[in-house]
Every structure is written in structure tokens, then in C-alpha cells.
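Let's take a walk through a protein model, one residue and one helix at a time. Keep the structure open next to you and click along as you read.

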Amino acid sequence: MKRDLELIRQLMLAIELKGDDFDADSIEIDGYDPSQINYHLQLLVEAELAVGKVLNYLGSDRPTIIIKKLSWEGCSFLDDARNESVWQKTMKIVKDKGGSVSVGVLTQLLASVAKQLSGLV
């Protein structure tokens with residue numbers, strides 16, 4: 001499955017709203033099926049943007065993801081990604097440069113665009 005940056009953003013916004021300790025099955029995002037949501041929540045935990053656990057049960061077709069909260073890094077990422085203007089301009093830059101970047105590069109790019117749009121640079 002290919003990483004979807006828009007889904008990552010939507011999931012982080014959902015995590016922020018939900019609060020503490022919930023599982024992947026309690027999140028629904030329009031246009032995405034449960035397996036896509038589950039996979040991307042697992043990526044958020046692996047990238048340390050969210051604090052949680054990935055549990056693999058025998059006989060289950062996919063891991064169970066328990067999310068505790070956004071991490072410090074996740075909060076910082078979301079502070080910039082939350083703004084629709086910052087997000088859209090950043091995604092345009094990503095698309096113009098080839099369409100794919102790492103989360104680390106995306107985080108730096110979001111911060112740079114946010115500074116630019118707020119007049120800090």
C-alpha cells in the first residue's frame with residue numbers, strides 16, 4: 001500500500017480530536033477503507049508522530065493499532081499542517097517536485113511554508 005500524505009494529515013487531525021487511548025476501528029475518514037486507515041495509523045506510530053502500540057494477534061488479518069496521543073513531533077507537524085493554506089501550498093510544491101517526499105522532508109517543508117506565509121521569513 002502506498003503512503004497517502006492527505007490521509008496522514010486527516011488521521012492526525014482525528015487523533016487530536018479523539019483524545020487518548022482508542023483503537024483504529026474507531027476512526028472513519030471519508031473515502032478511505034479500514035485497512036488503509038489501519039496501515040497509515042501504523043505508519044504514524046512507526047514515524048513517532050503518534051504514541052501507540054501495534055499489536056499482532058494470531059489469526060487476525062491485520063494488526064490492531066492502539067493510539068494513545070500525538071507525540072511532541074506529531075503536534076509540531078500538525079501545527080503547520082492544520083492550516084489549509086500552508087498544507088495546499090506545501091502539497092503543490094511536493095507535486096511539482098515529483099510527488100513524493102519523506103515525512104522528515106515534509107515536516108521541514110511545512111515549517112518553511114508556514115514561516116513564509118506568516119511573514120517570519
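Which residues does Leu 49 touch, not counting residues up to four places away in sequence? The answer is Met 12, Leu 44, Leu 70, Ser 71, Glu 73, Gly 74, Phe 77 and Val 103. Bear in mind as you look that this is a predicted model.

**Around Leu 49**

You'll find Leu 49 in the loop between α2 and β2. Is Leu 49 buried or exposed? Its relative accessible area is 5%, and anything under 20% counts as buried, so Leu 49 is buried. Now look at Glu 73, one of the residues that Leu 49 touches. In sequence, Leu 49 and Glu 73 are 24 residues apart, yet from C-alpha to C-alpha they sit 5.6 Å apart in space.

The loop between α2 and β2 also holds Glu 48. Glu 48 has a relative accessible area of 55%, which is over the 50% cut-off, so this residue is exposed. Glu 48 has another feature to check: its phi is positive, about 60°, although Glu 48 is not a glycine.

**Where α1 meets α2**

Leu 44 is among the residues touched by Leu 49. Setting aside residues up to four places away in sequence, Leu 44 itself touches Ile 8, Leu 11, Met 12, Ile 15, Leu 49 and Ala 50. Several of these names come back when you look at how two helices pack. The axes of α1 and α2 are 10 Å apart, and the packing angle is about 80°. That angle makes α1 roughly perpendicular to α2. On the α1 side, the contact is made by Leu 7, Ile 8, Leu 11, Met 12 and Ile 15, while α2 brings Gln 36, Ile 37, His 40, Leu 41 and Leu 44. Sort the residues of this contact by type and you get eight nonpolar, two polar and no charged.

Helix α2 also contains Asn 38. With a relative accessible area of 4%, Asn 38 is buried. Its contacts, leaving aside neighbours within four places in sequence, are Ala 24, Arg 62, Pro 63 and Ile 65.

**The nonpolar core**

In soluble globular proteins, nonpolar side chains tend to be buried together. How many residues does the largest nonpolar core have here? It has 35, and the ones with the most contacts inside it are Leu 41, Leu 44 and Leu 106. At least two residues of this core come from each of α1, α2, β3, α3, α4 and α5. The biggest giver is α1, with eight residues.

**Where α3 meets α5**

Next, turn to helix α3 (residues 72–81) and helix α5 (residues 103–117), whose axes come within 9 Å and cross at roughly 45°. α3 and α5 are therefore oblique to each other. Their crossing is left-handed. Phe 77, Asp 80 and Ala 81 make the contact from α3, and Leu 106, Thr 107, Leu 110, Ala 111 and Ala 114 make it from α5. By type, the residues of the contact of α3 with α5 are six nonpolar, one polar and one charged.

**Three stops on α4**

Helix α4 covers residues 84–96, and Lys 89 is part of it. Thr 90 and Glu 84 belong to α4 as well. Here is how they compare in accessibility:

| Residue | Relative accessible area | Status |
|---|---|---|
| Glu 84 | 42% | partly exposed |
| Lys 89 | 31% | partly exposed |
| Thr 90 | 0% | buried |

What does Thr 90 contact, leaving aside its neighbours within four places in sequence? It is in contact with Leu 106, Leu 109, Leu 110 and Val 113. Lys 89, again not counting residues up to four places away, touches Val 113, Gln 116 and Leu 117. For Lys 89 and Ala 114, which are 25 residues apart along the chain, the C-alpha atoms are separated by 9.4 Å. As for Glu 84, it is 52 residues from Tyr 32 in sequence, and the C-alpha to C-alpha distance is 20 Å.

Notes
Residues are numbered from 1 along each chain as its sequence is written. This is a predicted model: local features need pLDDT of at least 70, side-chain atom pairs count only at pLDDT 80 or more; totals for chains, interfaces and linings use all residues. Side-chain values use heavy atoms; hydrogens and water are left out. Helices (H or I, at least four residues) and strands (E, at least two) are DSSP runs, numbered from the N terminus. Buried means under 20% relative accessible area, exposed over 50%, partly exposed in between (1.4 Å probe, protein chains only). Contact means heavy atoms within 4.5 Å. Axes are lines fitted to C-alpha atoms, for helices over the stretch in contact, and angles run from 0 to 180 degrees between N-to-C directions. Angles under 35 degrees count as roughly parallel, over 145 as roughly antiparallel, 65 to 115 as roughly perpendicular and the rest as oblique. A crossing is left-handed if the near helix is turned anticlockwise from the far one by less than a right angle, and right-handed if clockwise. Ala, Val, Leu, Ile, Met, Phe, Trp, Tyr, Cys and Pro count as nonpolar, Asp, Glu, Lys and Arg as charged, and the others, Gly among them, as polar. A nonpolar core is a set of buried Ala, Val, Leu, Ile, Met, Phe, Trp, Tyr and Cys residues joined through side-chain atoms within 4.5 Å.
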